[in-house]
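Here are my notes on the model you asked me to look over. I have kept them as numbered points, so you can follow along with the structure open.

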Amino acid sequence: MSDGERKPSTLAVASHGALCLTAANSLAARARTDLRTREEAAEWLERGIEHETRGEWIRARECFEQGLLLDPGNCKLQNLFALALQTDADGVSVSDPSTDQLVRVFVLKCAEQGSMWAQIWLWSSHEEFLIENAQAAVWMHKAAEQGNRDYVRALSGVYLRGDG
């Protein structure tokens with residue numbers, strides 16, 4: 001091959017528009033898949049709630065767990081799974097060190113995501129969760145910031161006692 005000749009490229013040159021269209025289609029497909037996954041997790045959540053209202057605690061826990069496998073960041077599933085872990089087949093509250101640690105992880109995740117329910121749980125159970133009073137007051141403050149007047153009053157009591 002002489003200096004003036006060029007070897008033809010084996011790569012096809014794609015236009016900018018074709019690449020954008022391909023990327024948009026890929027993103028749309030992923031969004032549809034994510035939506036279907038969240039919808040399926042929501043179905044597991046609803047099944048779990050139905051079992052829970054009938055007193056079928058073990059089945060409820062299994063449903064919540066299935067939902068979490070699909071949508072691990074779903075705070076409502078995390079909350080209900082944490083509660084279900086602490087309930088036996090007869091609906092009686094149970095405590096076990098390994099389960100308690102898992103519950104703590106779920107409750108902390110939910111509180112960090114802004115769940116007022118989890119933030120209050122951390123405040124009310126802070127000794128059980130081995131959380132200092134000052135950190136528990138932070139969780140109470142975050143719950144109060146969401147506008148619930150009961151928690152605003154409770155927070156004022158925390159500060160009056162010097163716990164916050």
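**Notes on the fold and its core**

1. Let's start with the rings: the count comes to 1 aromatic pair. Keep in mind that this is a predicted model. The pair is Phe 81 with Phe 106, set edge-to-face, with 5.4 Å from centre to centre and 85° between the planes. Phe 81 sits in helix H3 and Phe 106 in helix H4, 25 residues apart, and the pair links distant parts of the chain. Are these two rings buried or exposed? Both Phe 81 and Phe 106 are buried.

2. Now the overall picture. The protein has 7 helices and 0 strands, and along the sequence the pattern reads α-α-α-α-α-α-α. Of its 164 residues, 30% count as buried. Taking the contacts with a separation of 6 or more, 45% come from residues 24 or more positions apart.

3. On to the core. The largest nonpolar core holds 22 residues, and those with the most contacts inside it are Phe 64, Leu 77, Phe 81, Ala 82, Val 103, Val 107 and Leu 122. Two or more residues each come from helix H1 (16–53), H2, helix H3 (75–85), helix H4 (97–112) and helix H5 (116–124). Which of these gives the most? That would be H3, with 7 residues. Apart from this core lies another one of 5 residues, including Ile 120, Trp 123, Ala 136 and Ala 143.

4. H3 deserves a look of its own. This helix is mostly covered, with 9 of its 11 residues buried. The buried residues of H3 are Cys 75, Leu 77, Gln 78, Asn 79, Leu 80, Phe 81, Ala 82, Ala 84 and Leu 85. If you click on Leu 77, you will find that it touches Ala 41, Leu 45, Phe 64, Gly 67, Leu 68 and Asp 71, not counting residues up to four places away in sequence. At the start of H3, a side-chain oxygen of Asn 74 comes to within 3.0 Å of the backbone nitrogen of Lys 76.

5. Thr 87 belongs to the loop between H3 and H4. Its relative accessible area is 13%, below the 20% cut-off, so Thr 87 counts as buried. A polar atom of the Thr 87 side chain lies 3.0 Å from the backbone oxygen of Leu 83. Leaving aside neighbours within four places in sequence, Thr 87 is in contact with Trp 57, Arg 61, Val 92 and Val 94.

6. Ser 115 is worth zooming in on too. You will find Ser 115 in the loop between H4 and H5, and it is buried, with a relative accessible area of 11%. What does its side chain reach? One target is the backbone nitrogen of Ala 118, at 3.1 Å, and this contact sits at the start of H5. The Ser 115 side chain also makes a polar contact with the side chain of Asn 79, at 3.5 Å. Setting aside residues up to four places away in sequence, Ser 115 touches Cys 75, Asn 79, Cys 110 and Gln 146.

7. A short word on H5 itself. The buried residues here are Ala 118, Gln 119, Ile 120, Trp 121, Leu 122 and Trp 123. Two of the names have come up already: Leu 122 is among the residues with the most contacts inside the largest nonpolar core, while Ile 120 is in the other core.

8. Finally, the cysteines. How many disulfides does the structure hold? The count is 0. Cys 63 is found in helix H2 (residues 57–70) and is buried, with a relative accessible area of 6%. Cys 75 is buried as well, at 16%. Apart from neighbours within four places in sequence, Cys 63 is in contact with Trp 44, Arg 47, Gly 48 and His 51. The C-alpha atoms of Cys 63 and Glu 46 are separated by 8.5 Å, and these residues are 17 apart along the chain. Two of the residues that contact Cys 63 also meet each other: Arg 47 lies over the face of Trp 44, at 4.4 Å from the ring centre.

Notes:
Residues are numbered from 1 along each chain as its sequence is written. This is a predicted model: local features need pLDDT of at least 70, side-chain atom pairs count only at pLDDT 80 or more; totals for chains, interfaces and linings use all residues. Side-chain values use heavy atoms; hydrogens and water are left out. A disulfide is a pair of cysteine sulfur atoms within 2.5 Å. Buried means under 20% relative accessible area, exposed over 50%, partly exposed in between (1.4 Å probe, protein chains only). Helices (H or I, at least four residues) and strands (E, at least two) are DSSP runs, numbered from the N terminus. Contact means heavy atoms within 4.5 Å. A nonpolar core is a set of buried Ala, Val, Leu, Ile, Met, Phe, Trp, Tyr and Cys residues joined through side-chain atoms within 4.5 Å. Rings of Phe, Tyr and Trp (its six-membered ring) pair if their centres lie within 6.5 Å; planes under 30 degrees apart count as stacked, over 60 as edge-to-face and the rest as tilted. A charge sits over a ring if NZ of Lys or CZ of Arg is within 6 Å of the ring centre and within 35 degrees of the ring normal. A polar contact is a pair of N or O atoms within 3.5 Å; within protein, one must be able to donate a hydrogen and the other to accept it, and residues adjacent in sequence count only if both atoms are side-chain atoms.
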